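Reader: I am new to this structure. Please take me through one part of it closely, the largest pocket: what lines it, and which elements supply the lining?

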Amino acid sequence: MSVLDNWSQWKDFLGDRLHQAQNTGMNKEVVNDLAYQIGDYLANQVEPKNEQEKILSDLWSVASQEEQHAIANMMVKLVSNDGSR
């Protein structure tokens, strides 16, 4: 099963990647920019695997670039307490 199939596993996966980035000294601005790039890639290249991802995909598709950055920043906040440390 892919991490994309289950919302909790997806958030844990993202949380782990976020913690790795922070532990290597990556600053918040770079993390948020990477989150935007990942969100854009997923929206354009990956079929949503669950209801939550479908909602995010739909929101992303109607959002301006500024709003997409806001969505990416909120995802970073959402997963900041997920994953292992």
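Author: Start with the chain itself. This is a predicted model. Along the sequence, the protein chain reads α-α-α-α. That comes to four helices and zero strands.

Next, the overall form. The C-alpha atoms fill a box of roughly 35 × 30 × 20 Å along the principal axes. For 85 residues, a compact globule would have a radius of gyration near 12 Å, and the protein chain has 12 Å, so the two agree. Contacts reach far along the sequence: among those with a separation of 6 or more, 70% join residues 24 or more positions apart. Of the 85 residues, 29% count as buried. The protein chain exposes about 5,800 Å², and carbon and sulfur atoms supply 51% of that area.

Now the pocket. The largest pocket has a volume of about 600 Å³. Its lining is made of 27 residues, and the closest to the centre are Trp 10, Leu 14, Ile 38, Gly 39 and Leu 42. Four elements each give two or more residues to this lining: α1 (7-23), α2 (28-45), α3 (51-62) and α4 (65-79). The biggest share comes from α2, which gives seven residues.

What is the lining like chemically? It divides into 22 nonpolar residues, two polar and three charged. Gly 39, one of the residues closest to the centre, counts as polar here.

To sum up, the pocket draws on α1, α2, α3 and α4, with α2 giving the most, and 22 of its lining residues are nonpolar.

Key:
Residues numbered from 1 in each chain as written. Predicted model: local features only at pLDDT ≥ 70, side-chain atom pairs only at ≥ 80, totals over all residues. Heavy atoms only, no water. 1 Å grid on protein atoms, 1.4 Å probe; cavity = no way out; pocket = protein on both sides within 12 Å on 5 of 7 lines; lining within 4 Å. Points joined across faces, edges and corners; volume = space filled by probe spheres on them. Rg over C-alpha atoms; globule rule 2.2 N^0.38 Å. Buried < 20%, exposed > 50% of the residue type's maximum accessible area, 1.4 Å probe, protein only. Contact = heavy atoms within 4.5 Å. Areas by Shrake-Rupley, 256 points an atom, 1.4 Å probe, with all protein chains shown as cover.
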